[in-house]
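Colleague: Could you take me through one part of this model at close range? I would like a connected account that I can follow with the structure open beside me.

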Amino acid sequence: MDKEIMINALVNGEIELEAIEKELYVCDFRKMIYRKLHTNISKQHLHIIRKLMDIEIAEREKDPYDDEIVIEETYDYEVFYWCIFLLSRIGDVHDVFTIWYAKHIDFDASFGVEWQFLIGAGYNETIEFLKKSDNPQSLEIISYLLNENTKNIEESEPFKEWFDFRYKYFLNE
């Protein structure tokens, strides 16, 4: 089956992820999915992005100096960040922990996964969710967001500029 046809069928809910699982481990194929979802992502795509985020995290966690890994075929750091951006845009507050985990995979990710990704569901919604959560990382994430002085940031011009920059950046990837 043609890659474009597979991706369209996946995005339209006509085939399951399992039917194309092997292709999901090819970085260029994931990039094609992200490009397709970028301008028209919605909550119906959450299961797709979560599965792809699991793959991106697993690829990021691999040792790039291991001779058994063909990193060029399976991983691209920009694609890792693109997936996080899409996950954040869907706006499910439960994904804050996945994004937080991705932020702490390594030194570069700690800077590349910016705090704005954490509040895709909204600042207030995220803080309230974290306050009610029994996840031990909740307080750490709240503290981090407060230290970044993020209150009421969603309505600010710098946040809108950040989002617009990221949106255009990944679209042109």
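Modeller: Happily; what follows looks at helix H6 and its packing partners, and then at some single residues in the surroundings.

A word on the whole first. This is a predicted model, and the protein has eleven helices and zero strands. Read from the start of the sequence, its pattern is therefore α-α-α-α-α-α-α-α-α-α-α, with helices defined as DSSP runs. Of the 173 residues, 47% count as buried. Among contacts with a separation of 6 or more, 72% join residues 24 or more positions apart. The accessible surface comes to about 9600 Å², and carbon and sulfur atoms hold 50% of that area.

Now to H6 itself, which spans residues 77-90, and to H7, which spans residues 96-103. Where do you see them meet? Their axes come within 10 Å and cross at roughly 160 degrees. Since angles over 145 degrees count as roughly antiparallel, H6 is roughly antiparallel to H7. The crossing of this pair is left-handed. On the H6 side, the contact is made by Phe80, Ile84, Leu87 and Ser88, and on the H7 side by Thr98, Ile99 and Ala102. Sorted by class, this contact has five nonpolar and two polar residues, and no charged ones.

H6 also packs with H3, which covers residues 27-38. Here the angle is about 35 degrees, and the axes of H3 and H6 lie 10 Å apart. The crossing of H3 with H6 is left-handed. From H3 come Cys27, Lys31, Tyr34, Arg35 and His38, and they meet Val79, Trp82, Cys83, Phe85, Leu86 and Arg89 of H6. By class, the contact of H3 with H6 has seven nonpolar, one polar and three charged residues.

While you are at H3, have a look at phenylalanine 29, which lies in that helix. The relative accessible area of phenylalanine 29 is 1%, so this residue is buried, the cut-off being under 20%. Setting aside neighbours within four places in sequence, phenylalanine 29 is in contact with Lys3, Met6, Ile7, Ile20, Glu23 and Leu24. One of these partners, lysine 3, is 26 residues away in sequence, and the C-alpha atoms of the two are 7.6 Å apart in space.

Back at H7, there is a further partner to follow: H4, residues 46-61. The axes of H4 and H7 are 11 Å apart, and the helices pack at an angle of about 15 degrees. That is under 35 degrees, so H4 and H7 are roughly parallel to each other. H4 passes H7 in a left-handed crossing. In H4, the residues involved are Met53, Ile57 and Glu61, which meet Thr98, Tyr101 and Ala102 in H7. By class, the contact of H4 with H7 divides into four nonpolar residues, one polar and one charged. You may recognise Thr98 and Ala102 from the H6 contact with H7, where both are listed as well.

Next, follow H6 towards residues that come later in the sequence. Ser88, one of the H6 residues in the contact with H7, is also touched by glutamine 116. Glutamine 116 sits in the loop between H8 (107-112) and H9 (123-132). With 11% relative accessibility, glutamine 116 counts as buried. Not counting residues up to four places away in sequence, glutamine 116 touches Phe159 and Trp162 in addition to Ser88.

Phe85 of H6, which takes part in the contact with H3, is touched by arginine 166. Arginine 166 has its place in H11, residues 157-171. At 15% relative accessibility, arginine 166 counts as buried. Leaving out residues up to four places away in sequence, arginine 166 touches Glu114 and Phe117 as well as Phe85. Arginine 166 and tyrosine 81 are 85 residues apart in sequence, yet 9.9 Å apart in space from C-alpha to C-alpha.

One last stop is serine 133, found in the loop between H9 and H10 (138-147). Serine 133 touches Phe97 and Ser138, again not counting residues up to four places away in sequence. Serine 133 and histidine 94 are 39 residues apart in sequence, with their C-alpha atoms 9.8 Å apart in space.

To retrace the route in the viewer, start from the left-handed crossing of H6 and H7, turn to the left-handed crossing of H3 with H6, and then go on to H4, which is roughly parallel to H7.

Technical notes
Residues numbered from 1 in each chain as written. Predicted model: local features only at pLDDT ≥ 70, side-chain atom pairs only at ≥ 80, totals over all residues. Heavy atoms only, no water. Helix = DSSP H or I, 4+ residues; strand = E, 2+ residues; numbered from the N terminus. Buried < 20%, exposed > 50% of the residue type's maximum accessible area, 1.4 Å probe, protein only. Contact = heavy atoms within 4.5 Å. Areas by Shrake-Rupley, 256 points an atom, 1.4 Å probe, with all protein chains shown as cover. Axes fitted to C-alpha atoms, helices over the stretch in contact; angles between N-to-C directions. Parallel < 35°, antiparallel > 145°, perpendicular 65-115°, else oblique. Left-handed = near helix turned anticlockwise from the far one by under 90°. Nonpolar A, V, L, I, M, F, W, Y, C, P; charged D, E, K, R; others polar.
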